[in-house]
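Colleague: Got a minute to go through this model with me? I'd like to begin with the ligand site.

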Amino acid sequence: MPSRAMAASAAGDAKEYPGKLTLYVFLTCAVAATGGLIVGYDIGISGGVTSMDTFLEKFFPSVYHKEQMAHGSSSSQYCKFDSQLLTAFTSSLYLAALVASFFVASVARSFGRKWCMFAGGVSFLAGAALNAAAQNVAMLIVGHILLGVGVGFAGLSIPIYLSEMAPPRLRGTLNIGLQLMITVGIFSANLVNYGAAKIRGGWGWRVSLGLAAVPAGIITVGSLFLPDTPSSLISRGYHEQARRVLRRIRGTSDVADEYGDLAAATELSGTVKRPWRDILERRYRPQLTMAVLIPFFQQLTGINVIMFYAPVLFKTIGLGGDAALMTAVITGLVNIVATFVSIATVDRLGRRKLFFQGGAQMFVCQVIIGTLIGVMFHRNGGGGVPTTFAASILVFICVYVAGFAWSWGPLGILVPSEIFPLEIRPAGQGINVAVNMLCTFAVAQAFLPMLCHMRSGLFYLFGGWVLLMTAFVVLFLPETKNVPIEKMAVVWTTHWFWGSFVADQDSHVQVGHGEVDVATGKLNQTIV
Ligand code: BGC
């Protein structure tokens, strides 16, 4: 039989597979993205609940009394919410999610992405029920831990799911559906808090915490109707099912090319038996660096200071409780609307331009907000706040939130989900979620004491970090738009800094009758 050498297309030509954006893939991605609602709901709910007097009085009486006594006294204004137990309540969720993300990676690898989403929904449901019925702080914290486990499952599996289902040239747009749902979740929570705080009898906080069951129910039921991704099916041996899903999501029977590339990537991934150890190898250094630094930087933008504590912050600068809760509703709305800018532009402008523009905008706003708050306290001593001051602080907070919402918000989820080769994808995403949760936890823990000690200087600190992370992106993050994820290796091999990390190794792996270059993802196949 004549032998014929066939080289697959070079890695990373923004390769186009046949097929279109089908309604089916759009709907599956939309359903999966609703998992973002649970992540967002609990980001948005805690800050508002912890500023409700009846909640504080029942579970954290010392904070409640401190708040009452601080009224009108300037020196304790920055410190009135500083309590370790209160912070432990907010933060327990993030610690639980952090721990969960380590074992969810193995679940995602062995059972697929779909069941991770389902498990996330179930755990979140249980947490919501416990929180709504809470009689003491212990019940609150255990409920929060269950919510955290749910967030760990969802945060790990959904971004991977979306990036594996989406056609390469629309990957950014479809993946950002998740961030959009996170922002909708935060906003709904803000609205619920606003309404629940008005419930007479002082049990509004139970409504706020219990309504988390609604988004949890949506993803729990929704996930049952989702197919798993072709990559995940192939890697678990369901080849025919994978072909069927691929044909359905691409809307064409001509899927041989894409299936072939996925199968080659999967076969290669089978050579990695210990993803948690292998990810530490030098050839994965660029991806590992991004898995750690992107979520780290995302949290050091200081976004969750606004998302968790906007009502607390505005109460600190002297607004009444109702007006303070309203500010959270406004920033929540800006967060949603601005995310659409990212959805519309990410696959055309690319990731780097959005990171750069959003970073510059956030930096300028941080400096202005810090200065405004500082000047106001200096002049006013923290008594009543002039409306113009409060309004201008709110305006700059909104511009800052918008900058985040079209840069570090969605890209902090999208970029890590698309840069890992299949063999280390769940482990890499696990690290990403764990670092995100650890830093969210650290910011949640540190913000109230830091506000108490650093005062408005805290905003300059976050501004400095934003400057640093923007420089990092400019120097070290390659552009990933339009590159198929199974061909992503090329963005590192051609990078001025990372090139040497991925190139200087024996990087060829035997696959069937051919070999795959680990560094480039290039398949040289010989068919005999
Ligand atoms: C972040 C969250 C943040 C949210 C705000 C997400 O991408 O991971 O920590 O609260 O964006 O929209």
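Colleague: Which helix gives the most to the shell around the ligand?

Modeller: Helix 8, with 3 residues. Helices here are DSSP runs (H or I, at least four residues), numbered from the N terminus.

Colleague: Before we go on, what kind of model is this?

Modeller: It's a predicted model: local features need pLDDT of at least 70, side-chain atom pairs count only at pLDDT 80 or more, and totals for chains, interfaces and linings use all residues. Residues are numbered from 1 along each chain as its sequence is written, and side-chain values use heavy atoms, with hydrogens and water left out.

Colleague: OK, back to the ligand. How many residues surround the ligand, and which are the closest?

Modeller: There are 13 around the ligand, and the closest are Q179, Q298, Q299, N304 and N335. A residue is in if one of its heavy atoms lies within 4 Å of the molecule.

Colleague: What's the split by class in that shell?

Modeller: The shell has 8 polar and 5 nonpolar residues, with no charged ones. For the classes, Ala, Val, Leu, Ile, Met, Phe, Trp, Tyr, Cys and Pro are nonpolar, Asp, Glu, Lys and Arg are charged, and the others, Gly among them, are polar.

Colleague: Which polar side-chain atom lies 2.5 Å from an oxygen atom of the ligand?

Modeller: That one belongs to N304. N335 also has a polar side-chain atom 2.9 Å from a ligand oxygen, and for Q298 a side-chain N or O atom is 2.9 Å from an oxygen of the ligand.

Colleague: And how much of the ligand does the protein cover?

Modeller: 96% of the 310 Å² of accessible area that the ligand has on its own. Those areas come from Shrake-Rupley with a 1.4 Å probe; for residues, only the protein chains shown count as cover.

Colleague: Where does the ligand sit?

Modeller: In the largest cavity. A cavity, on a 1 Å grid over the protein atoms alone, is a set of points where a 1.4 Å probe fits but cannot get out. Sitting in one takes more than half of the molecule's atoms within 2 Å of its grid points.

Colleague: Which elements give two or more residues to the shell?

Modeller: Helix 8 (171–196), helix 15 (285–300), helix 16 (303–316) and helix 20 (408–419).

Colleague: You mentioned N335. What reaches its backbone oxygen?

Modeller: The side chain of T339, at 2.6 Å. T339 is in helix 17 (residues 321–349).

Colleague: Why does T339 count as buried?

Modeller: Because its relative accessible area is 0%, and buried means under 20%, with exposed over 50% and partly exposed in between (1.4 Å probe, protein chains only).

Colleague: Switching topic: what does the side chain of N131 make a polar contact with?

Modeller: The side chain of H144, at 3.3 Å. A polar contact is a pair of N or O atoms within 3.5 Å; within protein, one must be able to donate a hydrogen and the other to accept it, and residues adjacent in sequence count only if both atoms are side-chain atoms. N131 is in helix 6 (residues 113–132) and is buried at 1% relative accessible area.

Colleague: What about helix 5, where does L98 end up in space?

Modeller: Its C-alpha is 6.8 Å from that of V433, 335 residues apart along the chain. L98 is buried at 14%. F89 is in helix 5 too (residues 84–111), and its C-alpha is 7.2 Å from that of L140, with their positions 51 residues apart in sequence.

Colleague: Last one: what is the phi of N482?

Modeller: Positive, about 70°, although N482 is not a glycine. Most residues other than glycine have a negative phi. N482 lies in the loop between helix 22 (457–476) and helix 23 (489–493), and is partly exposed at 23%.

Definitions and conventions: On a 1 Å grid over the protein atoms alone, a cavity is a set of points where a 1.4 Å probe fits but cannot get out, and a pocket is an open set with protein on both sides within 12 Å along at least five of seven lines; lining residues have an atom within 4 Å of a point.
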